[in-house]
Amino acid sequence: MTALTTLAVPPGRQDDDVSLRPLPWRRMAWVTWRQHRVGLGGAAVFLGAVAVFVWKVGLQLHHAHAAAMSCNPSSAVCADLVTKFNFSNHVLVGGYALQIVPALIGAFVGAPVLARELETGTFRYAWTQGFGRWRWTLAKLVTLAIVVTAAAGALSVLLSWYYQPYLATGNEARTLSELSPFSLAVFDLRGVVFAGWTLVAFAIGVLAGVLIRRVVPAIVATLAAYTGLALATANVLRRHYLAPLLTSNANVPGSAWIFRQWWTKGGQFAFSGWRDAPNNLLQQCASIPRGPLGKPSPTTLAHCFAQHGYVQLTSYQPASRFWPFQWIEGGWLLALSALLIAMTVWLVRPRAA
Amino acid sequence: MNVIEASGLGKRYGSTWALRECSLAIPAGHVAALVGPNGAGKSTLLNLAVGLTEPSEGSLTVLGGRPPGSPAALNGIAFVAQDTPLYKNLSVADMLHLTRNLNRHFDHASAVARLAQLGIPPKRKAGKLSGGQQAQLALTLALARRPRLLLLDEPMAMLDPIARHDFMATVLTAAADDGVSVLLSSHVLAELERVADYLIMVSRGRVQLAGEVDDLLAGHRMLTGPAAEADTYAARPVVHARRAEAQAHLLVRATADDPVPPGWEAHPVGLEELALAYLREPGATALPGPARGRDAEPSTVSK
C-alpha cells in the first residue's frame, strides 16, 4: 500500500506513451472476485446442494444395484431388490431435472456480468479506468468462464458416477433398468459435455447481457436461447456427428442408439415395420405362435420374415462411440463459446482507437 | 497543450444529432464549465472525450492530440459520470482497492485521508452513502488517480448546497495545487461564477460560446435605456433584449471602450447574467471567427 503511494508519480509528469505498458492481467483477478463473489457464491451453494443430494441418493442407488446384482436371481428376495433398484430416484432417473443446471448457471452468472454494468451505469466508471475496456471485459469473462466450467466439470464427475449402475453390463439379464449412454436423458450429464453446456450457457448469457443491456430480460433470453439450442442438438444435430453404422444382425445391443430399422429383399427396400409388410407375407407367417395378447410376437415374426428371404437392416450408433461423440460435442461447444465471448468483447471494444 | 480539441465533431443517435459541427479547443490549466440546457449535448461531448462513444463525424483529441480511449488518454483522464455510478454493493474500502487495481497511479494514502476527513466510513457500502458522500467518493477515486484532466458530468445535480460547496472546494484545490485541468458540465449557473475561468456554452447540439471567462465578460456589456429606442440600437450585435415598461436591457457584444449611445447606460455583466442571456437565445453565437449576430439562423437541431 505504501509502496504504491510512493510509486505514484507526482502530477505534471509526462507519461511517455511508448512506455505505457498495459496493466498486468492479474490485477483483474481481485476485481473479478470482489465484484462477482456474491453471484459465484450463490452458484457454489446451488451446485453444492445439488452435489450433496446426488451423492446421498447415489450411495443408495449403488447399494441397491450391488444388492440386486449379487442376489440369487430365482429368489423372491431378489425380485424385490430388482424392483427396489428399478424404482429408486425417479427424479433423477430421467435425467431431465439436472439438464437445467447449466442453463441456470449461464443465465444467473453470465447474463448479469455486463447487463448490470450497463443497466446501472457503472460501465461509465469501469470502462474509463486505466485498465481499458476491452481488456477489462476479456479478463473478466475468461476468468468467470473458467470458474463456472471447472465447477460444472467437477459436478459432472459426480453425475457420471451416479448414473454408472444404469450403464453397467449385465443389467438386461437381471431385468434391471438400463440406459444407453446416448440416451437423451444422460448423454449431456456425463463426460465433457456437461461442462461444455455450462460454458456455452455462460457465453450466451454474457452476449445477451451486452445486447439487451438489462439483467432480467437478458436472463430470460439466455434461458430461451439455451433451451432452443439444447433441444435442437439433442433431437436433430447429435445423431449426425458420425455416419451411423448399418447392420443386418437382428441383435443390436440395447446400449446402442438405434435410429431406424427396415426390411430389404434382394438388396432392395421392402418395408419398414411389420405392420407395413405385404399381406401375403403376413398370411404366410400367420400360423406362427401368438403372443399373450393374440398378436404375433416380434421376434418370432422377424424369424419368419427372415425365412422368407427378407433381411432386417438397422442403422445405429454403437455405445463405443460415446467418447468420440462427447469430444465432438464438447469441441463445438467450446468453439461456440469462444466465438460468443469474442463477439461480446468485440461489441464492448470501442470501434475507434 | 489543449486538453480537448474538437473539429467538426458530431454525434448522431438514430436520426437525431446530439452534437453537431462542434469545434473547440480547451487549453490546459483551466477549470472549464460546459453549460447548456438539458439535452444540449453536454453529456455527449464528455462521453466522446472519455471514449465511451465514438463520433459520427469530425474528430476529437484529448491531452494534446491523443485519441480518446487510448491507453494514454485513459491513464491521464479521470471521469466522474452523471449520477456518480458506483458499485452499490461494494464497501468504500473495496471501491478504493478496485480503482487502485484498475489504474497505473493511485494515491491510496491521500484517498484514505480525504475520506476520513469527510467522515465517510470505509466499511460502509457505497450504496448506503448519502448523495453528497457518493459524489465525494467518486471524486476522491478520480483525483487519487492523479489525472491530468478531470471530467465531471453534472456533478452537482444531486447535491444540497453545502455538499455542492464542499465538492467544488475539492475540485478547486486539486486544480490549484496539482494543476489538474477540469471540465465540468452543469446547469447550476450560480456555482460556476465562483469556480470557472473558462466557459463553453452549448445549445441544441452546437457550441454557442467558448472562451476564457474574463475575455467573455470583457466582451459583453449590459445597456439600459429607453424602450422605444431599443430596436434602433444596431451598433453592436445584441445577444438578448429584455424590456420593462419604459426601459430596455440589452446584452450586447461590446467592450468597455465602445461608445455608449446618448440616453443609455452601460454596465459590466456577470457570468450568470451572460450565461442566462445566451441560454435564452439558443440561436445566438459568439465564437472565434466570423461573428454571427442574433440573426444567426436558429438551429434546427434539437435532441
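## Helices against the chain B sheet

In this predicted model, helix α1 of chain B, residues 42–49, lies across four strands of chain B: β3, β6 (149–153), β7 (181–186) and β8. Its direction makes an angle of about 145° with β6(B).

Helix α5 of chain B covers residues 131–144. This helix lies across β5 and β6 of chain B. It runs at about 175° to β5(B).

## The sheet itself

The strands under these helices belong to an open sheet in chain B. The sheet has 6 strands, and its pairing is mixed. Read across, the order is β5-β6-β7-β3-β8-β9. Two strands form the edges: β5 (77–80) and β9 (206–212) of chain B. Each of them pairs on one side only. On average, neighbouring strands of the sheet are turned by 15° against each other, with direction ignored.

One pairing inside the sheet joins β3 and β8 of chain B. Strand β3 spans residues 31–35, and strand β8 spans residues 198–203. The two run parallel and share 4 bridges. Within this pair, B:Val35 stands opposite B:Met201 of β8(B).

## The β1–β2 hairpin

Chain B also has an antiparallel pair, β1 with β2. Strand β1 takes residues 2–13 and strand β2 takes residues 16–27. They are joined over 8 bridges. B:Ile4 faces B:Ile26 of β2(B) across the pair.

The hairpin has 2 residues between its strands. There, B:Gly14 adopts a positive phi near 65°.

## Two domains in chain B

How is chain B divided? The assignment gives domain 1 as residues 2–210 and domain 2 as residues 219–280. Their centres, taken over C-alpha atoms, are 34 Å apart. Domain 1 of chain B puts 9 residues into the contact, and domain 2 of chain B puts in 7 residues.

On the domain 1 side, α7 (189–195) and β9 of chain B each supply at least two residues. Helix α7(B) has the largest share of that side, with 4 residues. By class, the side of domain 1 of chain B that touches domain 2 has 7 nonpolar residues, 1 polar and 1 charged. Strand β9 therefore appears in two roles in chain B: as an edge of the sheet, where pairing needs at least two bridges, and as a supplier of residues to the domain contact.

## Two domains in chain A

In chain A, domain 1 is made of two segments, 25–241 and 321–348. Domain 2 of chain A takes residues 245–320. The centres of the two domains, over C-alpha atoms, lie 39 Å apart.

The contact between them draws 8 residues from domain 1 of chain A and 9 residues from domain 2 of chain A. The domain 1 side divides into 3 nonpolar, 1 polar and 4 charged residues.

## Where chain A meets chain B

How many residues does each chain bring to the contact? Chain A brings 32 residues and chain B brings 38 residues. On the chain A side, the elements giving two or more residues are α1 (2–7), α2 (27–70) and α6 (123–126) of chain A. Helix α2(A) gives the most, with 5 residues.

What classes of residue make up the chain A side? There are 16 nonpolar, 10 polar and 6 charged residues on the side that touches chain B.

Technical notes
Residues numbered from 1 in each chain as written. Chains lettered and ligands numbered in written order. Predicted model: local features only at pLDDT ≥ 70, side-chain atom pairs only at ≥ 80, totals over all residues. Axes fitted to C-alpha atoms, helices over the stretch in contact; angles between N-to-C directions. Contact = placed C-beta atoms within 7 Å. Nonpolar A, V, L, I, M, F, W, Y, C, P; charged D, E, K, R; others polar. Domains from an automatic or database assignment.
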